[in-house]
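Please look through the structure below before reading on. The report that follows describes the chain as a whole and then one pair of helices.

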Amino acid sequence: MVSHSGLLTVMERAARKAGSKLRRDFGEVEHLQVSRKGPADFVSKADKQAEQTLVEELQKARPDWGFLLEEGGVIEGDPNKPRWIIDPLDGTTNFLHGIPHFAISIAVEEPLFGGKREVTSGLIYQPVTDESYWAEKNRGAWRHDQRLRVSARRDLADCLIATGIPFMGHGNMAEWTRIFGAVAPSVAGLRRFGAASLDLAHVASGRYDGFWESDLQPWDVAAGILMVREAGGFVSDFRGGDQMIDRKEVIAGNDATHSKLHKLVAGALR
């Protein structure tokens, strides 16, 4: 059985503790659907409580590390030490509607010379299915103790591609529509499941053959990008570069599907 580092043990312990609370709260969502006010306030509290649990658990283990949090923003730490990048509930809308597809995403970003930073560890935990995906730089990507590899499919006509669709106040619908018009006729199917971290974990595990999405935040993709690369895949921004975080856009797949998706996306945006 493969053993991950002590750092990943800390991450998984924190994710499982927060995940057990999310799983319990998710069981209450169905009952709240019938209320006049709806469950939105409850879900917001569940999100923030999960984040608080993660921060408390990770601070115990690494008290001088900083945080980049979806809900809580930036918590400063020692600038010479790594920082955590955390999404405590990726797939909030699914959670809100009682759809069992959401995850906790934790990444470790280390400082490099020249002010640059690099993600070196990532964990994506799905509380409902109890699936734990993890990756460490140069140690591969794994689901529990099973090594992950990206899909071997090379013809887009055989490929299942995941994406995210713009919605009210988020994303560029005109841009997405152009890309959709280029990609959809070329692939076997498209899926939109509403949690980018899990989309990338599924690319790493070969469940999806490729993925594209824009308007993404660092906590949505930091762990997943590392995971795809450690599973032998390729990840870029829409221009084919390495500015996924700065440009808030991602294309992922194996060498062939990534290249073909990039060509379709770039062509649609010309």
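## Surface and basis of the model

How much area does the protein chain expose, and what share of it do carbon and sulfur atoms supply? The protein chain exposes about 12,600 Å², and carbon and sulfur atoms supply 51% of that area, as computed by the Shrake-Rupley method with a 1.4 Å probe.

This is a predicted model, in which local features need pLDDT of at least 70 and side-chain atom pairs count only at pLDDT 80 or more, while totals for chains, interfaces and linings use all residues. Residues are numbered from 1 along each chain as its sequence is written, and side-chain values use heavy atoms, with hydrogens and water left out.

## Overall build

The protein chain holds eight helices and 13 strands, counted as DSSP runs (H or I, at least four residues, for helices; E, at least two, for strands) and numbered from the N terminus. Its C-alpha atoms fill a box of roughly 55 × 45 × 35 Å along the principal axes. Of the 270 residues, 50% are buried, meaning under 20% relative accessible area with a 1.4 Å probe, protein chains only.

## Helices H5 and H6

Helix H5 (residues 196-204) and helix H6 (residues 218-230) have axes that come within 8 Å and cross at roughly 0 degrees, where the axes are lines fitted to C-alpha atoms over the stretch in contact and angles run from 0 to 180 degrees between N-to-C directions. H5 is therefore roughly parallel to H6, a term for angles under 35 degrees. Among the residues in contact (heavy atoms within 4.5 Å) are Leu-200 and Val-203 of H5 and Ile-225 and Met-227 of H6.

Key: Parallel < 35°, antiparallel > 145°, perpendicular 65-115°, else oblique.
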